[in-house]
Every structure is written in C-alpha cells, then in structure tokens.
Amino acid sequence: MAPSAQPLTTSVPDEKYANVKWEDLGFGFVRTDNMYVAKCKHGENFQEGSIVPFADFHISPCAAVLHYGQGLYEGLKAYRTEDGRIIIFRPDQNGLRLQAGADRLCMPYPSVDQFVSAIKQVVLANKKWIPPPGKGTLYIRPILFGSGPILGSFPVPEYTFLVFACPVGRYHKDNSGLNLKIEDKVRRAFPSGTGGVKSITNYCPVWKTLAEAKAQGFSDVLFLDAATGKNVEELFASNIFIVKGNVVSTPQISGTILPGVTRKSIIELTRDFGYKVEERVIPVEDLLDSEEVFCTGTAAIVTTIASVTFKDKKSSFKTGEKSLAAKLFATLTDIQMGRVEDTKGWTVEIDRSHQG
Ligand code: COI
C-alpha cells in the first residue's frame, strides 16, 4: 500500500519560522510537516488528493516503481519575498513536463491545475519551512510512481502522486565556478531512451561516474551524446550554455536532454539582453573554444563554469561579476524572489485563501 490520502487532522502551527539554522542549509533532506497524496487506479483519472502529515509509508514489495523503475520526479521552488509574499516559479511548466514523462512511462497524470494546486497546498502546509528572504528556498519535490503491485503483467493497478518539500540552500557549494570533467566513456542518455523526461532511472546509473569525478577533485560531470560521443549534452542535473561573442548556444532538445524550466527561462532572458541564442548540436570543440560557460537548473539556478577537463586537458573560461552568467543569475533570482516586477508572468503568488 502506498501512503493513504487521509485528510490532515493536525492544524498547521502558526509560528512564522521552523527551528532551522538557515545559514547552515545545504541541499539535503530536511523533514518538514506535511505532504500531499493523491492516488489513481488504472483506467481512471487522478482526483483531488489531500494534505497529510509527512510520514514514511507502506508499499507493496511488488510495486512497479521498485522493480521496473516506473517513476518520475519534478523539482521547483517557493520563495519568501521581502514584502512578505510567497511565490512559486512557473509551476505549470513542471506540471506539463510531468505529463510528458508520465506519457512516456505509461502512467496517468494529474492535470496541470491539479498539479499547481497540489504545489500550493504543500507550500502553505509547510509555510514555516520557507526560509527568510535571501536565506534559501523551499524546494518542492513532486513524485509520480507506479505504486500498485505487478510481477510480470501489465498494466499497473495503482499510481501515486505525492508532493513534499524541504528548505534548501545552494546546490553547488562553490560559487566561484565549477570545474567539470567531460566524461568520454559513460553516457547519461541515448536516442529513444528516457533522457528527455525526468525519469527516476536517469540519475542513479551515473552516480558512480559522478562520484569518481568528485574523488578526482571535479565539481560535476558533463556528459556527451551516446550516438557519436562528440557532442555536449548536459551535466548530472543541469543544462549547459556556452558563450562566444554575441552568440549563446545550448544543446537542442532532441529527446536525450532534459527540457529544463530554468533553461527555457534563461534562453528568453538572454535574448532580452540582445544576444543571439542558438539551440543546436554543440561539438566538444565549440565548448572548448568558448569564452564563457554556465549551467542552469532549478537546483543549480545559474552557475558559472570555471573550467572543463577533456582527456586530461583543462580549458578555462571567464567567471566573475562581469560574466553573462552573473547577470543572468541576478536577473532570474530578482524575478524568482519577487525583488522586481515580473513582466513575464512567470511567478505565481500563493495566498492563504487558496483552497486547492
Ligand atoms: C533540480 O534541479 O531540481 C534537480 O532535479 C536536480 C537534482 C539532482 C537536485
């Protein structure tokens, strides 16, 4: 049995903040108060779920997610603004991406409205865990998985959509620039596979590669395409951009690269700055020949890349306050944190009157 959707019985405590040392926040699990759960039987649609106390749950040892990896996750953030509002960033985009992934993995999915409503409910039910402005964010983790038991037969009898949240600080500790290893043997994704959706099966298979790179002193790994081994794809958990003159390039969405919500937003902001943005195939040589390189993601935000090492040869790039990455980081986070007017319509304000 997956978590049961019993209505929340305890009232949400009214303190403004949980007892957290906000300055010490990293990007790790912090247990918060409540989560959202909705279930759906095969052949039916997801109905409205409930907020329940955050807790471990029982699941059949034969659940599809445990054996066949039928699961997706999403990541988005809620921000507390200086003027006391709570906002979330482009939740509809995560809802749409979850739907695309669910379709690929043969799962029913919540509507975008249900998805956004669940996010709002989880944020409100964990309000005191949203860090003070400038001291972190509330990272929201929606997951969708085959919770019903199957052994060999298909389809799966039951699916669970669950959302929880944790306060987080920075994902990459080193703000001065990442040092990447370009991985020339192990591939993250392959044509017609699941690299283009946020399948839970995309991550653990490259942990070993990431751990080895970290043991060698690198901050992260940059993967190449499986078909040719010649073109840049993405990092472990973020999209990559290269800058040369007035042209900014990023690998095109081709089924092996995750269509990042931050990637999409950064493409728009970069064009607003007057740069030409190309979504294209990027040979490793083009990356090595760039002036500046940065990566984007919900967790990574916009992170500058100081160097890449390919077959033991290190290439370095521009970093610092005058970089495009720094300008994009400032512009994006100003919007996300409600410090400037959101002329794009990207932020969604949550208020107490939200009833789901
Ligand atoms: C995110 O940026 O939200 C991700 O899913 C990456 C994860 C490894 C933290």
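Hi everyone, let me start right at the ligand: one of its oxygen atoms is 2.8 Å from an N or O atom in the side chain of K198. Please keep in mind that this is a predicted model.

K198 has company. The side chain of Y73 also places an N or O atom 2.8 Å from an oxygen atom of the ligand. Then there is Y139, with a polar side-chain atom that lies 2.5 Å from a ligand oxygen. How much of the ligand does the protein bury? Taken alone, the ligand exposes 280 Å², and the protein buries 91% of that.

Now for the whole shell. The ligand is surrounded by F27, Y73, G75, Y139, R141, Y171, K198, A237, T298 and A299. Sorted by class, that makes six nonpolar, two polar and two charged residues.

So where does the ligand sit? You'll find it in the largest pocket. And why does the ligand lie between domain 1 and domain 2? Because domain 1, residues 3–169, and domain 2, residues 178–336, both give residues to the shell around it.

Before I hand over, a word on enclosed space. Searching the whole structure turns up two cavities of 30 Å³ or more. The largest cavity holds about 60 Å³ of space. Its lining consists of G75, L76, K77, Y79, F89, N94, V261, T262, T298 and Q336. If you have the structure open, look at G75 and T298: they line that cavity, and they are also among the residues surrounding the ligand.

Thanks, everyone!

Definitions and conventions
Residues are numbered from 1 along each chain as its sequence is written. This is a predicted model: local features need pLDDT of at least 70, side-chain atom pairs count only at pLDDT 80 or more; totals for chains, interfaces and linings use all residues. Side-chain values use heavy atoms; hydrogens and water are left out. A residue is near a molecule or strand if one of its heavy atoms lies within 4 Å of it. A polar contact is a pair of N or O atoms within 3.5 Å; within protein, one must be able to donate a hydrogen and the other to accept it, and residues adjacent in sequence count only if both atoms are side-chain atoms. Accessible areas come from the Shrake-Rupley method with a 1.4 Å probe; for residues, only the protein chains shown count as cover. On a 1 Å grid over the protein atoms alone, a cavity is a set of points where a 1.4 Å probe fits but cannot get out, and a pocket is an open set with protein on both sides within 12 Å along at least five of seven lines; lining residues have an atom within 4 Å of a point. A molecule sits in a cavity or pocket if more than half of its atoms lie within 2 Å of its grid points. Ala, Val, Leu, Ile, Met, Phe, Trp, Tyr, Cys and Pro count as nonpolar, Asp, Glu, Lys and Arg as charged, and the others, Gly among them, as polar. Domain bounds come from an automatic or database domain assignment. Grid points are joined across faces, edges and corners, and a volume is the space filled by probe spheres set on the points.
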